[in-house]
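Take a walk through this structure, one stop at a time. Keep the sequence and the 3D view side by side as you read.

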Amino acid sequence: MKNFMTIQDKSPLSNRKAIMILITYFVFYFFLIPLAMWWIDQTWIPGFSTNPTNDVIFHTLMTLLFLYLGSQLLQESNKHWTKLAITIPILAGAFMIYGSALLSTLIDTISGQSDPLNQALLLQQFQINRVSIMVQAMVFAPVVEEIVFRGVIYRHFKKAGRYLIPLIISTLLFSTMHSLAAIISGQWSDLWYIPVYAFMSLVLTFTYEKTHNLYSSIFLHFINNAISILAMLYLVK
């Protein structure tokens, strides 16, 4: 566990900025903005929230907003550019992909589940609108989720030598958010896949710790999602 104790400097974010990022992600992005878009659908412009162009614009703007809010974390990362900042994400990417596949196969065998609902929904949406899903998977998710889960929930609330609680919380939240569709729809058997997402979260956090560079975990997240997109391109061609 010493691998999670290498970053000991105080977070460059103020508590106010950290809370602002969390509220923007968990309250505005997941609840208030979708509610507002639904209202526009119902009362003003039918199909507004499902329009592919609007979705691309929305996720692009949200990515830019989080880049602005988390700019201090990225500025700090600029001080830690070494060869390891590139090589570790590549090596960790191979480990993450192999480990995730192994865990998924084990879960399939034990539970009888073929695929997590999150992946099934992504594939279904990908068949309808490839560009939107590609923007979400390869631009929005790597940048925003790493700023939120690694940069704020883990990094900001971690104190020198005290990493365990932020590590557990960031891992559980990351796992839960990726199983949110199953939880909302009541498909509890899909919770079998939470360990897969937890494993991915731990590898991403490990990468951030070893490089002191948030760009490294963003790059790793991008590699993982890009491979998923390539797989979906193969499946729907």
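A residue is called buried under 20% relative accessible area, exposed over 50%, and partly exposed in between. Keep those cut-offs in mind, and remember that this is a predicted model.

Begin at His-212. Its relative accessibility is 23%, so His-212 counts as partly exposed. This histidine is found in the loop between H9 and helix H10, which covers 214-236. Its backbone deserves a look too. Phi of His-212 is positive, near 60 degrees, in a residue other than glycine.

Now step back into the helix that His-212 follows. Helix H9 runs over residues 194-211 and has 18 residues. From first C-alpha to last, H9 reaches 26 Å, close to the 26 Å expected at 1.5 Å a residue. An α-helix has 3.6 residues a turn, so residues three or four places apart point the same way. Is H9 mostly covered or mostly open? It is mostly covered: 13 of the 18 residues of H9 are buried.

Val-196 is found in this helix. At 7% relative accessibility, under the 20% limit, Val-196 counts as buried. Look across from there to Ser-175. The two residues are 21 apart in sequence, and their C-alpha atoms are 8.0 Å apart in space.

His-212 also has a part in the next stop, a cavity. How many cavities of 30 Å³ or more does the count come to? The count comes to one. The largest cavity has a volume of about 50 Å³. His-212 lines it, together with Ile-7, Asp-9, Glu-76, His-80, Arg-155 and Tyr-208. By class, that lining has two nonpolar, two polar and three charged residues.

Next come the aromatic rings. A search of the whole structure finds twelve aromatic pairs. One of them joins Tyr-25 and Phe-26, and this pair is edge-to-face. A pair of aromatic rings is described by the distance of the centres and the angle of the planes. For Tyr-25 and Phe-26, the centres are 4.9 Å apart and the planes stand at 85 degrees. An edge-to-face label needs an angle over 60 degrees, so this pair qualifies.

Are the two partners buried or partly exposed? Tyr-25 has 2% relative accessibility, so it counts as buried. Phe-26 has 26% relative accessibility, so it counts as partly exposed.

Ring pairs also link these two residues into a cluster. Its other members are Tyr-29, Phe-30, Phe-58, Phe-66, Phe-140, Phe-149 and Phe-174. Pause at Phe-174. The charged end of Arg-150 sits over the ring of Phe-174, 4.9 Å from the ring's centre.

Two exposed residues close the tour. Leu-230 has its place in helix H10. Its relative accessibility is 56%, so Leu-230 counts as exposed. Where does the chain bring Leu-230 and Met-134? They are 96 residues apart along the chain, and 9.9 Å separates their C-alpha atoms.

The other residue is Ile-128, in helix H5, residues 117-128. Its relative accessible area is 71%, so Ile-128 is exposed. Ile-128 and Pro-52 are 76 residues apart along the chain, and their C-alpha atoms are separated by 9.0 Å.

Conventions
Residues are numbered from 1 along each chain as its sequence is written. This is a predicted model: local features need pLDDT of at least 70, side-chain atom pairs count only at pLDDT 80 or more; totals for chains, interfaces and linings use all residues. Side-chain values use heavy atoms; hydrogens and water are left out. Helices (H or I, at least four residues) and strands (E, at least two) are DSSP runs, numbered from the N terminus. The expected span of a helix is 1.5 Å times one less than its number of residues. Buried means under 20% relative accessible area, exposed over 50%, partly exposed in between (1.4 Å probe, protein chains only). On a 1 Å grid over the protein atoms alone, a cavity is a set of points where a 1.4 Å probe fits but cannot get out, and a pocket is an open set with protein on both sides within 12 Å along at least five of seven lines; lining residues have an atom within 4 Å of a point. Grid points are joined across faces, edges and corners, and a volume is the space filled by probe spheres set on the points. Ala, Val, Leu, Ile, Met, Phe, Trp, Tyr, Cys and Pro count as nonpolar, Asp, Glu, Lys and Arg as charged, and the others, Gly among them, as polar. Rings of Phe, Tyr and Trp (its six-membered ring) pair if their centres lie within 6.5 Å; planes under 30 degrees apart count as stacked, over 60 as edge-to-face and the rest as tilted. A charge sits over a ring if NZ of Lys or CZ of Arg is within 6 Å of the ring centre and within 35 degrees of the ring normal.
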